2 protein chains.
Amino acid sequence: MKTAKARLTGNMLIAQSGGPTVVINQSLVGAILEAKRHPEVKRIYGARHGIKGILSEDFLELKKESAQTLNAVARTPSAALGSVRKKPTADDCVQLFGILQKYNVRYFFYIGGNDSAETAFIINEEAKKVNYELRCFHIPKTIDNDLRENDHTPGYASGAKFVACAFMGDNLDNRALPGVKINIVMGRHAGFLTAASALARVYPDDGPHLIYVPERAFDLEKFAADVKAVYDKYGRCIVAASEGIVDKEHKSIAAAFIREVDSHGNVQLSGSGALGDLLAGYIKQRTQISRVRADTLGYLQRSFPGVFSRVDAREARAVGVLAVKSAVTANVDGSVVIRRKPGKKYEAYFELVPLISVAKETRQMPDAFISDEGNDVTPAFLDYARPLVGDLPRIGA
Amino acid sequence: MKTAKARLTGNMLIAQSGGPTVVINQSLVGAILEAKRHPEVKRIYGARHGIKGILSEDFLELKKESAQTLNAVARTPSAALGSVRKKPTADDCVQLFGILQKYNVRYFFYIGGNDSAETAFIINEEAKKVNYELRCFHIPKTIDNDLRENDHTPGYASGAKFVACAFMGDNLDNRALPGVKINIVMGRHAGFLTAASALARVYPDDGPHLIYVPERAFDLEKFAADVKAVYDKYGRCIVAASEGIVDKEHKSIAAAFIREVDSHGNVQLSGSGALGDLLAGYIKQRTQISRVRADTLGYLQRSFPGVFSRVDAREARAVGVLAVKSAVTANVDGSVVIRRKPGKKYEAYFELVPLISVAKETRQMPDAFISDEGNDVTPAFLDYARPLVGDLPRIGA
């Protein structure tokens, strides 16, 4: 019988999913350390590589790990339990739930993005069907910052800090050796990470001079005109473009380029440098500017050790703690979300929402964060992102 | 009349050349601060964008800058005066020397690689021809670490630290989401920077598992076999490949790939992601491994703020100071080189060598640093590189 007072006793299972971040292990460790405080939680299983490890019953026992070891893990980038890019089928979910029953799992925590929330939701529904007492929690994580209900998500601010630092350095590099430089930034559907490049600006003529996000249709002609205008003004131009930029029919620019190349030469262009190189080639051809280069910031954005936001690390820990605490002591299910109090000074608070409300769909940048021309961010975005990212290296000061 | 005692009085000109580093401004500032100590040095001109700025007489006056401002510049990545990729012609050198005479420049310092040493050498020869008293110094700088006579060069250790950190993070990312990951590292002719990826290893199965440098012929068949062997053993494989890898006829692998594509489809592949993508495509096709990714570390290696080696910053400062001190007080010309004392504990010292001895040719990795199979580094390389790079972020500890 479930009441607010009767605490559920049994084992706990925790897993990580999707692209790693440099603070995802803070959430893992927060959850484990909190669980160790509650006698209701018997064994603490960590599944290796998310639901793949659950399906194959590949579990680590985590209760015996010392706080010292766990805190070291928390400071280590990438998913310590291993991750997976797999969205379970309906059949998988039935099987997953069967394994949870087999191991007497009463507390299930899945750290990840919207797909992970959906997985937790479906497993929870399976449990309800047969009146199996199970507390299911989704713990948010994504550098894309695209989870609904959240002001921002754990992992984003650290990725944003890496991006801002990368553009700071690249801007100085481009000042020294002028030309057009295009940097491709992660973010398939949301431009938050690409937008963070704007934090790199210190002086009025600093790059990035142009920022393209997936929320606005990308037009090649307009792009070339934008670059030329900046180049004519400053003698150089730094571009931040999201890997997920799309044309006005919502078709991926990267895919369009690759299709075109395929029809000509059957070239394998599967790989992460393609979009940047092709945009650079286009600018070279259209503007006759001779020095045009592209870099794709790549996996460093989510894994580079030592570059992280303190706010991010603290909040990633907090959402892990709160998920376990709520599951055990309040006997509820849900997803922990991060909200922000109105006002000039940054202050966050946490709430619980139903699993379904962050599952499936993602969110994009609000219009107020994107300039009218669609090639830059607004001061409102900078006000939003700055307190999350925190101090950046000081340049020329 | 030139004697060891008679100090030359006149103006000083300093400039920066080639690819920036995160510590090149330490050398610039070391030179300026030292020059300010000597009354023989009247005006201190900084030429913008190397010899381009000299030829166009685009000078900044630097004597008025405060120590506080200069020290802030020293901590800022990339060439503060601006850089240039231009090797002067014989005519240029005559013109350059004419401008030095016009501005009564008696002390000329050029911070850069072997081309910069050659430029300084030629200008010096021009001055000698007409008995114009001029002290010419080359101040070493290159992340490629390929200057002759030097144990290592300023800029290398900081670039190496970035590369090591990048591979540390990427190794953790690849553990979480296994597959083949190929990272392309800078270094057209020398593999030192690519080799530094080995510093990322903490545990025996850590990547990079394979390291390919330009000093050994790169064979695609052997590469695919190497990757497959590692993948079969660990279920994943991280590769560090230099952008400058060549086949047994010393032809660039990147160029070979691009030629092939050109003959088929006339595709513009000018851009920095091409080699990685093409190697990834090749592995995918040859091994049937499904998850194969490539990143090109790009300009971040030489410009990322906040990631630098303390040893590197200190030595970059020291070579700038020593060049000016030697020119003014010892009345000599030359290039400052960094040597290492034999013994377990790292200790460096500086010497002066004739300009010509570091000009023109570059050096490559010694055989003792490359494994017999040609796909890894040796412990001797790690002993060489570790004290230069210094502490790395602690992983899982």
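This dialogue goes through several features of a predicted model, one at a time.

Student: What should I know about the model and its numbering before I begin?

Tutor: This is a predicted model, in which local features need pLDDT of at least 70 and side-chain atom pairs count only at pLDDT 80 or more, while totals for chains, interfaces and linings use all residues. Residues are numbered from 1 along each chain as its sequence is written, and chains are lettered from A and ligands numbered from 1 in the order in which they are written.

Student: How many residues does helix α6 of chain B have, and how far does it reach?

Tutor: Helices (H or I, at least four residues) and strands (E, at least two) are DSSP runs, numbered from the N terminus, and the expected span of a helix is 1.5 Å times one less than its number of residues. Helix α6 of chain B, residues 156-176, has 21 residues and reaches 30 Å from first C-alpha to last, close to the 30 Å expected.

Student: Why is α6(B) described as largely enclosed?

Tutor: A residue is buried if 20 or more other C-beta atoms, placed from the backbone, lie within 10 Å of its own, exposed if 12 or fewer, and partly exposed in between. In α6(B), 21 of the 21 residues are buried, so the helix is largely enclosed by the rest of the structure.

Student: Is A:Leu100 buried or exposed, and which residues does it touch?

Tutor: A:Leu100, in helix α4 (residues 90-102) of chain A, is buried, with 24 other C-beta atoms within 10 Å. Contact requires C-beta atoms, placed from the backbone, within 7 Å; leaving aside residues up to four places away in sequence, A:Leu100 touches A:Leu13, A:Val105, A:Phe108 and A:Leu134.

Student: Where are A:Asn104 and A:His250 found, and what is the sign of phi in each?

Tutor: A:Asn104 lies in the loop between α4 and β4 (105-112) of chain A and has a positive phi of about 50 degrees although it is not a glycine; with 11 C-beta neighbours inside 10 Å, A:Asn104 counts as exposed. A:His250, in the loop between β8 (237-242) and α9 (253-265) of chain A, has a positive phi of about 65 degrees, although it is not a glycine either, and A:His250 is exposed, with 8 other C-beta atoms within 10 Å.

Student: Which peptide bonds are cis?

Tutor: One of them runs from A:Gly207 to A:Pro208, with omega near 0 degrees, and another joins B:Gly207 and B:Pro208, where omega is about 5 degrees. B:Pro208 is found in the loop between α7 (192-195) and β7 (210-212) of chain B.

Methods
Two residues are in contact if their C-beta atoms, placed from the backbone, lie within 7 Å.
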